[in-house]
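Reader: Hi! Could you take me on a close look at one part of this model, the place where the chains meet, and then show me how the neighbouring pieces are packed?

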Amino acid sequence: MSDGRGNGLLVNLDSVDKVFKRGSEEIHVLGGLNLGIPRGEFLALMGPSGSGKTTLLNLVGGLDRPSEGTVEVGGERIDKLSDRKLASWRSRHVGLVFQFYNLLPVLTAQKNVELPLLLTNLSRAERVRHAAIALDIVGLSHRAKHYPRQLSGGEQQRTGIARAIVTDPTILLCDEPTGDLDRKSSDEILDILQALNREQGKTIVMVTHDIHAASRATRTLYLNKGMLTTEPEE
Amino acid sequence: MANPLNWFSQVVSVTRFNLRTLPQRKGSSATAIFGIAGVVAVMVSVLSIGQGILRTMESSAAPENVIVLRSGANTEMMSGLSGDSTNIIAEGPGITRNEAGAMASPELFVVINLPMRSTGTDANVPMRGVRPQAFKVRKEFRIVEGRNFGWGLNEIIVGVGAKLEFAGLDLGSSIEVGQELWAVVGVFEAGGGLAESEIWVDAAVLQPAYRRGNSYQAVYVKLESREAFQNFKDALSTDPRLNVKIQREAEYYASQSTMIYNLITGLGTLIAVMMGLAAVFGALNTMYTAVSSRAREIATLRALGFRSGPVILSVLAESLLLSLAGGIIGAALAYLAFDGFRAATLNWSSFSAMTFSFDVSPELLVQGIILAMLIGMIGGLLPAIRAARQPVATALREL
Amino acid sequence: MKYFYLVWCNLRRKKLRTLLTVLSILVAFLLFGYLAAIRQAFNAGIDVAGADRLVVRHKISIIQLLPETYESRMEQIPGVDNAMHMTWFGGIYQKPSNFFAQMPVEPEELFDMYPEYLISDEHKKAWLDTKSGVIAGRQIAERFGWKVGDRIPIQATAWTHKSGSETWEFDLVGIYDGAEKGTDDTQFFFRYDFFEESRAWGSGLVGWYVVRVDDPQKAAETAATIDAEFANSPRETKAEPEGAFIQGFANQVGNIGLIIMSIVAAAFFTILLVTGNTMAYTVYERTSELAMLKAIGFSDRGVLGLVLGESFLLAIIGGSLGLGLAWILVSMGDPTGGTLPVFFFPVKDLLLGIVLIGLMALTAGILPAMQAQRLQIADAIRR
């Protein structure tokens, strides 16, 4: 894991365009976008629905490629990697937290957290150990053997976060992590994310429409009509 | 209890709704249809073999006809009657008479080896030596190609079945019997009966060729009526000059075919049951999948106020409709592919070949469709009940 | 493998669906196995037919008899090692449905020609010492509960006894076993000299000959030479290899192999459709989960492997249970109660079954697996 050179940025997007094709129509979601994220930042991305927040997140996480421009994470040009290399890169460098948790219903919380570790060379014992640690960090050790259907929304999302950090990734990407939760659970989740950022120095990018969630971040950017601004559009 | 009319209209509207979403589930619907079609097609085809054999046997028997064999013989092959005996038999009471005298036909039954057209290997082909009355006693006998053989000549006529199954029996060709060539001068039909698997020749020509002296194997007799049977049988059984066994033709043919009919029907049913089981599991699977794919729709309907009954019925109706379609396709496939398909098998009793046509009878078609509907019913009922029983709230949340 | 746990758990997702799929695969392979045994039974004699044996019968038809004197003439023919005659007795034991072959032969010749019929020296000697003696195959001895020393009456149908009666009485002096699984042990052999002196007609005539040739490669040639020897005589012959002769009978019963294959193919096709459809649906159902796996770093090929893995696991469980059940059912014995000469599950068909398990898994799973492979994360992740 090499450090970013040049401007000390962990993530650097330069002149990025993203165009989607719907049948014969072309939709320009992002146009000429530039974004720099320094290491250790907790960035919130806000904007109206359909503004391309998730698309931007996907580009940072290597889940999608730009139509134009470059994407550099941790010093690596991920827009130039092949699909297979990209998958491998993600497994080592990216942690993902989804709005609807996306846990496998057939696995226990612990096994769900172990999932990303299957892609590594760790032994079974080591996988179990790492998962236990991750679950402990999010405060769910007592629910390790429970299935998702036996967990509340908040607990499921905490499991999701544990899964996201179990490989100790370079960057944590969260897509509306509190979108499906009540106020109390939301706060719990945001507490964990903040702790991960302040105490462990994790770089986090969070897409959200919730102002309260955004207030927990160190910086907030607004995305509107494919352009990033520091002020919300009115 | 709710207004029955209301209930009924619910059933109809839910069913119509379900059917309208059918095109969206093309994949699983097509699977269900073709899966069931496959099972029905196989079952009907296999059973049509047994039906075909049965039909051949039944077509051979005329109600007032009787067959006389040597006492203790179960088949013509094992029987032996002297020429004198056959004359005595022809004097029995109650035999129909025509201008040539009593309609009693003494016949000689042997086997000749000829290659099968399909495999080239030899088959035991039945060859019958007859006298003039044979043509009158056999029902529906007619020459369809060429002419009858000449008495006393090395000429033969062949049944339509025999001609199609065995090589070298076309009009104009000859077969080798010992040192001589016997010419095929005609082709005959006999109402779909066993005779159509045979070669016929003058008994007087056959006897010396097979070194039989003046002996025969059976006498086929046409009585004046069905009721004349008992009298005829008693007269012959008590005659001290004879040692014979008298049977109605129908009984005789029934006993001949029992073994192979049972074998094929038994086997066919076993296969049909196993495939039916596989189809039921498959249908269940398809229907459960179909139901779970529309869990949310069904739950929404119920949340809106439709009752469980109509929901169950609509799923069942869909299942039955799909299986009916599958059953019709399968039955049609079997009919188009196999009805009338000519084949030959071994008649275990005479150890000679027997030709028949696959008979995809109306009863079989109906049975096939009923089987399909049964599979559809079983396959649809359980998923339907489960769909209706699930708590609405759970189903609505399921994504 | 560490991924096995994941594959296994995915199958437990909808237990009923997995159970039904496994059951339908089970039935397909049960059918396959059982029909394989039936097909083997119909083709029985062919596999174990002696490559160095010919059957020589009357040219016109099998029911015509040949002179006994042909034996020594045949043994003079170059290429012929030994010849023995056999005749079809065709009698009835108790009732016609108790069908089995009865044949008069010369004892020493029988064991020389058919080394696969195994008999103890004691029984063999008893047969040579007892003129009315009979040896029977183990299968029919067990079927009818015969013990050595029993008197066995047979009703003749064509071969009337010299005394005028139809009943022939034999003494069971020995039981023979087949050397191989496919060897026919349902036959009943008695002595030719006893037959010759007791029969009312047909003296000096026999049914057919079995000939052993020096060189199996020259079997067809030797057969032709034999036929040439007796051509233009009042009783001409037709000689052919034993296997071909038996095949001819099987062909008459019907092209059993083809019929059975078609049925099995139809069954498999049906199951394949259903399994494939089920798999396709499970992939569709899990679109977001599969996309998530890809998001966290599973490669396209990894996801393909996962889906194929499920398909294989289903097929292996259902297929082995089906084949196993077929094995058990077949060992329970002949479903027709004795008319089939042999009834067992051939090993080569078992191996074929295993190959088919793999093929089914692949065919049912490949399209859904490829669909999973091609999932675009961004499109699939939300819903």
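Author: Happy to; what follows starts at the contacts between chains and then moves to domains, cores and two helices.

This is a predicted model, in which local features need pLDDT of at least 70 and side-chain atom pairs count only at pLDDT 80 or more, while totals for chains, interfaces and linings use all residues. Residues are numbered from 1 along each chain as its sequence is written, and chains are lettered from A and ligands numbered from 1 in the order in which they are written.

Let us begin with the chains. Two residues are in contact if their C-beta atoms, placed from the backbone, lie within 7 Å. Two pairs of chains touch, and the most contacts are between chains B and C. In that pair, 46 residues of chain B are in contact with 41 residues of chain C. On the chain B side, the elements that give two or more residues are α2 (26–60), β5 (104–115), β6 (122–130), α8 and β15 (342–347); helices here are DSSP runs of H or I with at least four residues, strands are runs of E with at least two, and both are numbered from the N terminus. The largest share of that side, 15 residues, comes from α8(B). By class, the side of chain B that touches chain C divides into 26 nonpolar, 19 polar and one charged. In this count Ala, Val, Leu, Ile, Met, Phe, Trp, Tyr, Cys and Pro are nonpolar, Asp, Glu, Lys and Arg are charged, and the others, Gly among them, are polar.

Chain C also meets chain A, with 18 residues of chain C in contact with 20 residues of chain A. On the chain C side, α1 (2–11), α12 (287–295) and α15 (377–380) each give two or more residues, and α12(C) gives the most, with five residues. That side has eight nonpolar, four polar and six charged residues. Chain A and chain B, on the other hand, do not touch, and their nearest C-alpha atoms are 11 Å apart.

Now for chain B itself. Its domain assignment gives domain 1 (4–58 + 258–397) and domain 2 (72–242), with bounds that come from an automatic or database domain assignment. The centres of these two domains of chain B, taken over C-alpha atoms, are separated by 47 Å. Twelve residues of domain 1 of chain B are in contact with 18 residues of domain 2 of chain B. On the domain 1 side, α2, β15 and β16 (352–357) of chain B give two or more residues, and β16(B) supplies the largest share, four residues.

One residue of helix α2 of chain B to look at is B:Leu54. B:Leu54 is buried, with 20 other C-beta atoms within 10 Å; a residue counts as buried at 20 or more such atoms, exposed at 12 or fewer, and partly exposed in between, with C-beta atoms placed from the backbone. Leaving out residues up to four places away in sequence, B:Leu54 touches B:Ser257 and B:Tyr261. The C-alpha atoms of B:Leu54 and B:Asp359 are separated by 9.1 Å, although the two are 305 residues apart along the chain.

Next, the cores. A nonpolar core is a set of buried Ala, Val, Leu, Ile, Met, Phe, Trp, Tyr and Cys residues joined through C-beta atoms within 7 Å. The largest has 249 residues, of which B:Val68 and C:Leu31 touch the most other members. Helix α8 (residues 249–293) of chain B gives the most to this core, with 18 residues. Not counting residues up to four places away in sequence, the contacts of B:Val68 include B:Ile89, B:Val219 and B:Leu236.

Finally, two helices. In α9(C), C:Ala219, C:Thr222, C:Ala223, C:Ile226 and C:Phe230 are buried. Seen down the axis of α9(C), these buried residues fall within an arc of 105°, so they line one face of the helix; the arc is that of the directions from the helix axis to the C-beta atoms. Among the elements covering them are β1 (53–58) and α4 (70–76) of chain C. After α9(C) comes C:Asn232, whose phi is positive, near 65°.

In chain A, the buried residues of α4(A) are A:Arg127, A:His130, A:Ala131, A:Ala134 and A:Leu135. They fall within an arc of 135° seen down the axis of α4(A), so they line one face of the helix. These buried residues pack against α3 (109–114) and α5 (153–165) of chain A. The face of α4(A) turned away from its buried side carries the exposed residues A:Ala125, A:Glu126 and A:Asp136.
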